[in-house]
Amino acid sequence: MYTFSNKLKTFAFVLMALGLLGIAYGFLTAPKTTQDVEKILAESHHEGGHHAAAATHEAAAGSEAHHEAAADSVKQETPAAEHHVVATDSVKTEEADSTKAVVAPVVEEDHHDAHAAHAESHDADAHKEHEKHLEHVLHQLQNKPWAALYVACIFFMLISVGVLAFYAIQWVAQAGWSPVLFRVMEGITSYLLPGSIIFLLLLILSGMHMNHLFAWMVEGVTDPKSEHYDAIIAGKSGFLNVPFFLIRAIVFLAGWNLYRYFSRKNSLAQDEASDDSFYKKNFKMAAGFLAFFIVTESIASWDWVMSVDPHWYSTLFGWYVFASFFVSGITTIAFVTLYLKSKGYLEYVNTSHIHDLAKFMFGISVFWTYLWFSQFMLMWYSNIPEEVTYFVTRIEHFKLPFFGMVVLNFVLPILILINTDFKRLSWVVVMAGIIILTGHYIDFFNMIMPATVGDQWFIGVSEISSLLFFFGLFIFVVFTALTKAPLLAKRNPLIEESKHFHY
Amino acid sequence: MSTNKVIHAIYNDDDILMDAVKASRAAHHHIEEIYTPFPVHGLDKAMGLAPTRIAIASFLYGVVGLTVAANLLNYMMIVDWPQDIGGKPSFAFYQNMPAFVPILFELTVFFAAHLMVITFYLRSRLWPFKEAENPDVRTTDDHFLMEVAVNGNEEDMISFFKNTGAVEVKVIDKH
């Protein structure tokens, strides 16, 4: 039996306490009025635009640099579209007018984007425009602590979901190599229950208009008489409405948690059983769960991730999100396994098991890249405004995280893990794993932030504290669950094969 | 004591063969070659063969393929005759790179796979119409043959291999 070391427990509590403090700080220091926003913007101006977001923001308020930059980036994207070329040329002569022509086609669909609103009436009532802009930035800054919390919460919850899917696949495939790792996987999936309760609370708070993470939840968005009316969202309101959204979330999370509860129960019962009946039950249940999961996971990813950009859609989004949290989950299994192994537990786990996990980390990283690139290239190539706006926003305002994550999630894992011998070395697997987890956190960051905080993004106190809090909670829950049962599923019919697994 | 005498020990089960290989190595008999109807998992390690270097060759071939593809695309699409497809600019490689990725990928895989197979054939001295080297046709069906150099007492060795579970042990004069 594993005992939760006091050192690790203290570490988890310190993380949670620091995280809570930081989260509270983030909420308390979020601007309350447009006057606060004006001050913040003025400060970031004097600092000379210390990061890209502030710089582009200032540019949007009237500087020529931005118009040039926007025009250039559009030129790279769409030189053949004639009006763009014309507009790009005219930038040099008619600054104000061309801005509308250049920026509007790309970003007009994205009502979160400040520049479109700006450009449309650049030479109209400047003061009114300024107020409107300040209010927009205010909403983005008020969203920031919420979005930070949301990204960290969904990331850690989905790690446990990814491990649960991996666990179910092992059962269905009757895999012979993995039963010695079953208790590790069951320990990690124990985070699913607390994680999904907190996540559901966040969704309910969004539904109660405590924040503006989901633009389609704004009141009046489906009412033609309202100033918030949005015809596209109104057309989707049969699916995207708060009650149905929450019902879906409850059904999905409940289904996943039920599978996790019963599979764990049967797995423990199998330890003491005299026949394989619990094993057979778990096999059938895992098959049923996977069928349920692949449908619900896809819908869940539209709901919880894609719907923050309610005008935009991608048909492979479910797979894309799945690949991201699946590889994160497998990496987490490797981490927990290596940690326990280093403490002298899991005597039957050998380097061949680690090698197999590392192969999955490598393979699913490549799979993620395949989906990321498929989504990106088709939209980049076709260059249809309502589609490509998703990537234009990211490349303009999130250049470093957007391309940086491709390096972290593809280039580095492929170079580090391609060598067979490296996949057996703990320190190499840990290094690659840290890179993969960082990369996929940034991946989720890139999915949520552009639509919720726009160019006001920054990885600051809120983001890091949210991450620390959920990390601490994750460690606490997972390692508490690991103490509850022996670390070897001793009566699993495949356990002997797993113990002697060698490659 | 003759250097060109070998023992052919024939087995009908891969697990028995694996145990026999381990026992032979422990008794310091020199295994020259093993003929099997299918690849036996872990046999190379049990025989103490040096790890394969084909993965390294494959990686290098992939790098060659990637380089060839990049130069090919650059010459065809950018240098020789810039083409405007789908409104994409065609004056710089990096601007068109996303459109080139599928071809970069395919040629990398193409080079790695084909050159790796050719390397494998050359290294194993295999070519079309080559006469089979396996000494017993049953090794293409359901038997496993271990060829061991005779060194020392022949009778002792025969009884040793009989004891490892061989269904048949023959002494052959090679050449």
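In this predicted model, the loop between α8 and α9 of chain A is home to Q174(A). The backbone does something a little unusual there: Q174(A) has a positive phi of about 50 degrees, although it is not a glycine. For background, most residues other than glycine have a negative phi. How buried or exposed is Q174(A)? The count comes to 13 C-beta neighbours inside 10 Å, and because a residue needs 20 or more to be buried and 12 or fewer to be exposed, Q174(A) ends up as partly exposed.

The two helices on either side of that loop also meet each other. Helix α8 of chain A covers residues 126–172, and helix α9 of chain A covers residues 182–189. Two packed helices are described by the angle between their axes and the distance between the axes. For α8(A) and α9(A), the axes come within 8 Å and cross at roughly 145 degrees, and the crossing is left-handed. On the α8(A) side, the residues that take part are S160(A), V163(A), L164(A), F166(A) and Y167(A). They meet M185(A), I188(A) and T189(A) in α9(A). Sorted by class, this contact has 6 nonpolar and 2 polar residues, with no charged ones.

Further along chain A comes another helix pair. Helix α15 (residues 351–382) and helix α16 (residues 385–397) of chain A pack with their axes 9 Å apart, at an angle of about 120 degrees. That angle makes α15(A) oblique to α16(A). From α15(A), the contact draws on F376(A), M379(A), W380(A) and S382(A), while α16(A) supplies E387(A), V388(A), Y390(A) and F391(A). These residues split into 6 nonpolar, 1 polar and 1 charged. As for handedness, α15(A) passes α16(A) in a left-handed crossing.

A third spot in chain A is T296(A), which sits in helix α13 (residues 277–304). What does T296(A) touch, once its neighbours within four places in sequence are left aside? The partners are F252(A) and G255(A). V251(A) is also worth a look: T296(A) and V251(A) are 45 residues apart in sequence, yet their C-alpha atoms are 8.9 Å apart in space. With 19 other C-beta atoms within 10 Å, T296(A) counts as partly exposed, because the cut-off for buried is 20 or more.

Stepping back to chain A as a whole, the secondary structure comes to 20 helices and 0 strands. Of the 503 residues in chain A, 46% are buried. Contacts across the sequence tell a similar story to T296(A) and its partners. Among contacts in chain A between residues at least 6 apart in sequence, 77% join residues at least 24 apart.

Chain B brings in a sheet. Here 4 strands form an open sheet in the order β2-β3-β1-β4, with antiparallel pairing. The edges of the sheet are β2 (31–35) and β4 (168–173) of chain B, each of which pairs on one side only. From one strand to the next, the twist averages 20 degrees. Helix α1 (residues 14–26) of chain B packs on this sheet, where it touches β1, β2 and β3 (144–149) of chain B. The direction of α1(B) makes about 10 degrees with that of β3(B). Helix α5 (residues 154–163) of chain B packs on the sheet too, touching β1 and β4 of chain B, and its direction makes about 145 degrees with that of β4(B).

What does strand β1 (residues 5–11) of chain B pair with? One partner is β4(B), in the antiparallel sense over 6 bridges. Within that pairing, the bridge partner of I7(B) is V171(B), and A9(B) stands opposite V169(B). Another partner is β3(B), again antiparallel and over 6 bridges; in β3(B), L145(B) stands opposite I10(B). β1(B) is mostly covered, with 5 of its 7 residues buried.

Finally, chain B has a positive phi of its own to show. Phi of F129(B) is near 65 degrees, and F129(B) is a residue other than glycine. F129(B) is found in the loop between α4 (93–123) and β3 of chain B. Just 4 other C-beta atoms lie within 10 Å of F129(B), so this residue is exposed.

Notes:
Residues numbered from 1 in each chain as written. Chains lettered and ligands numbered in written order. Predicted model: local features only at pLDDT ≥ 70, side-chain atom pairs only at ≥ 80, totals over all residues. Pairing = 2+ DSSP bridges. Helix = DSSP H or I, 4+ residues; strand = E, 2+ residues; numbered from the N terminus. Axes fitted to C-alpha atoms, helices over the stretch in contact; angles between N-to-C directions. Contact = placed C-beta atoms within 7 Å. Left-handed = near helix turned anticlockwise from the far one by under 90°. Nonpolar A, V, L, I, M, F, W, Y, C, P; charged D, E, K, R; others polar. Parallel < 35°, antiparallel > 145°, perpendicular 65-115°, else oblique.
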